[in-house]
Amino acid sequence: MSDTLSNNTCERCRIGTTSPVTLDAVHSDDGASVTYSDTFMRCDHCEREFYTTEQSQAQHRAITAALRKRDGFLSAGEIKLAREQYGLSLPEFEKALGVGKNTVGRWERGTVPPASAANFGLWMARYEPVVFERYASTRGVVIRKRPQHATSAMAETEQHPTARANAHLKLVKATRQESRSIVSGYSMLSQEASSVALKA
Ligand SMILES: [Zn+2]
């Protein structure tokens, strides 16, 4: 614990005690605003408020994270998830994305955030496994583990010719059935029409 936190008598009034306060704060930039969690010190006597160095750094990180989230950037944790869902090592994921050595490790630790172009590849990896797998294979990276949400009907149809053929067959059958019921509906209607005509 630092000196400022252990010696918590207020430096201004010398009476009160300073302790951390956490509030939801709003940061505005370019006309848009983001909400983040803000922690600072407050004196219980004179109500003086200030940030310790650590709190100031944390505030900066929280604002940056909120802005990046608003702009569709993956967080450090999401980047790690994107890689791990394929069971890829750091070098394999770097090769698949076409980025330099040690880049992904820095992103995952949150030391350096990815640039906009790199974020697009990461977003694909996180949310579009079929596209990502295809892209990775062109770069010589074979995906051995498939993410759970990729085993949707769409992905299976995309990957397996048999599944695709079956899905097509199902669609043809459904269409035939529909046209049959339309035809029978039509003949019922014309029967009704002729009985109405007879009555008239
Ligand atoms: Zn005070």
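A residue counts as exposed here if 12 or fewer other C-beta atoms lie within 10 Å of its own, and as buried if there are 20 or more. Keep that cut-off in mind for S116 further down. The model itself is predicted.

**The chain as a whole**

So what have we got? The chain holds 9 helices and 3 strands. Reading from the N terminus, a helix comes up, then the three strands, and after that it's helices to the end. Buried residues make up 13% of the 200 residues. As for contacts with a separation of 6 or more, 49% of them come from residues 24 or more positions apart.

**Helix α3 and what it packs on**

Which residues of α3 are buried? In this helix, which spans residues 76-84, they are I79, A82 and R83. These three sit on the same side of α3, because they cover an arc of only 95 degrees around the axis. The buried residues of α3 pack against three other helices, listed here with their residue ranges.

| Helix packed against α3's buried residues | Residues |
|---|---|
| α4 | residues 90-97 |
| α5 | residues 103-109 |
| α6 | residues 116-127 |

**A look at S116**

One of those partners, α6, contains S116. Is S116 buried or exposed? S116 has 9 C-beta neighbours inside 10 Å, so it counts as exposed. There's also a link back along the chain to look at: the C-alpha atoms of S116 and D71 are separated by 9.6 Å, with the two residues 45 apart in sequence.

Key: Residues are numbered from 1 along each chain as its sequence is written. This is a predicted model: local features need pLDDT of at least 70, side-chain atom pairs count only at pLDDT 80 or more; totals for chains, interfaces and linings use all residues. Helices (H or I, at least four residues) and strands (E, at least two) are DSSP runs, numbered from the N terminus. The arc is that of the directions from the helix axis to the C-beta atoms. Two residues are in contact if their C-beta atoms, placed from the backbone, lie within 7 Å.
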